[in-house]
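Ready for a few warm-up exercises? Have a look at the structure below, then work through each task before reading its solution.

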Amino acid sequence: MSSSQPYHSVAFNPHPGKGELTLLFSGQEQTKPQHIVGPQVLDYHLIHYVVSGRGTFRCMGKEYQLTRGSSFFIFPGELVGYSSDESEPWSYRWLGFKGPRADEYLNVMGISQHKPVAVTRNDRKMRALFHQLEQTLHQRQPHCDMQAQGYLRLILAQYAQDLVANTAPHGEASGIQQQVEQAIRWLTFQYHQPISIEQMAQSLGYHRTHLSKMFKQHTGLSPMSFLLKIRMERAKLLLHEPLTIEQVASSVGFTDPLYFSKQFRKWYGRSPSEYRQDHTANPYDCSQ
């Protein structure tokens with residue numbers, strides 16, 4: 001197909017299983033200039049692999065400019081949006097999946113809502129795997145689910161191999177950086193729980209004082225301040241959803257909605273209700 005002509009193809013898994021990972025569908029698209037998707041919230045994981053062109057991915061109040069060889073990962077329940085460049089629109093392949101261990105697999109790779117993009121080195125192999133996966137689903141054979149699941153795991157393994165290679169440790173500094181990144185991932189996945197620094201240190205197997213010192217040295221924030229930052233950013237997004245203030249507070253780890261409102265006002269200079277009234281029209285407001 002010509003890269004200048006819009007094109008869209010998608011194949012669904014006719015026999016999705018119910019294992020730890022379930023492949024739902026795969027597809028590809030040559031987008032139109034300024035092609036826009038979202039803002040939207042999905043209930044499954046979605047990976048886009050950029051084959052060519054340029055575009056912007058928006059997640060958790062941040063924007064990422066992505067080109068060939070880049071990928072962006074969409075997590076269930078996250079408000080996201082993305083758009084193609086006006087002069088060099090994206091061509092990308094994608095796949096959707098779900099499962100009780102989906103977050104765990106991505107976490108091992110260092111992928112999370114706060115780090116939702118990746119750059120792979122073996123473009124030819126990655127494109128081939130996505131192509132083979134889609135073709136397998138198009139054939140709709142009785143046992144295509146097993147083959148499709150194999151391609152899904154090969155794709156995730158290729159991401160893991162490339163990401164680990166790009167972040168291979170080089171001495172003590174890298175070891176400390178890995179500890180901090182592990183703590184960040186732990187906080188990212190546990191922010192909705194009533195957690196403490198002691199619980200995190202014990203769970204990760206580090207001494208509390210050491211972890212706190214290294215964390216602040218690398219992020220500029222204490223672990224609990226970073227946790228509050230995650231909670232406030234998440235709360236800001238949830239305020240664009242049809243939820244009560246009490247439900248938003250509970251969703252980000254606050255058992256007391258009044259205390260949540262007090263912390264939100266300290267962080268953004270206005271109450272959750274005031275923020276919702278002022279910013280509902282713009283879920284990607286980054287002014288605060």
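Keep in mind that this is a predicted model.

**Exercise 1. How many salt bridges does a search of the whole structure find, and where do glutamate 134 and arginine 93 sit in the chain?**

Step 1: The search turns up 8 salt bridges.

Step 2: One of them joins the side chains of glutamate 134 and arginine 93, at 3.1 Å from N to O.

Step 3: Now place the partners. Glutamate 134 belongs to helix H2 (residues 123-139) and arginine 93 to strand E9 (residues 91-98), so this pair, 41 residues apart, links distant parts of the chain.

Step 4: Check the surroundings: glutamate 134 and arginine 93 are both buried.

**Exercise 2. Take the salt bridge between glutamate 198 and arginine 208. Which helices does the pair link?**

Step 1: The side chains of glutamate 198 and arginine 208 meet at 2.9 Å, N to O.

Step 2: Glutamate 198 is in helix H5 and arginine 208 in helix H6, 10 residues apart.

Step 3: Glutamate 198 has a relative accessible area of 43%, so it counts as partly exposed. Arginine 208, at 37%, is partly exposed too.

**Exercise 3. Glutamate 233 and lysine 229 also form a salt bridge. Why are they separated by about one helical turn, and is each one buried or partly exposed?**

Step 1: Their side chains meet at 2.7 Å, N to O.

Step 2: The two are separated by about one helical turn because they are 4 residues apart in helix H7.

Step 3: Apply the 20% cut-off for buried. Glutamate 233 has 15% relative accessibility, so it is buried; lysine 229 has 24%, so it is partly exposed.

**Exercise 4. Which members of the largest nonpolar core touch the most other members, and which helix gives the largest share?**

Step 1: Out of 30 residues, the ones to pick are Leu187, Met200, Met232, Val252, Phe254, Phe260 and Phe264.

Step 2: Helices H4 (172-190), H5 (197-204), H6 (208-219), H7 (223-238), H8 (245-251) and H9 (257-268) are the elements that give two or more residues.

Step 3: H7 supplies the largest share, with 7 residues.

Step 4: Zoom in on valine 252. Beyond four places in sequence, its contacts include Leu238 and Phe260.

Step 5: Don't miss the second, separate core: it has 27 residues, among them Val51, Leu129, Phe130 and Leu163.

**Exercise 5. Is glutamine 113 buried or exposed, and what does it touch?**

Step 1: Find glutamine 113 in the loop between helix H1 (102-108) and strand E10 (117-119).

Step 2: Its relative accessible area is 10%, so glutamine 113 is buried.

Step 3: Leaving out residues up to four places away in sequence, glutamine 113 touches Cys59, Met60, Phe75, Glu78, Thr188 and Phe189.

Terms used:
Residues numbered from 1 in each chain as written. Predicted model: local features only at pLDDT ≥ 70, side-chain atom pairs only at ≥ 80, totals over all residues. Heavy atoms only, no water. Core = buried A, V, L, I, M, F, W, Y, C linked by side-chain atoms within 4.5 Å. Buried < 20%, exposed > 50% of the residue type's maximum accessible area, 1.4 Å probe, protein only. Contact = heavy atoms within 4.5 Å. Salt bridge = Lys/Arg side-chain N within 4 Å of Asp/Glu carboxyl O.
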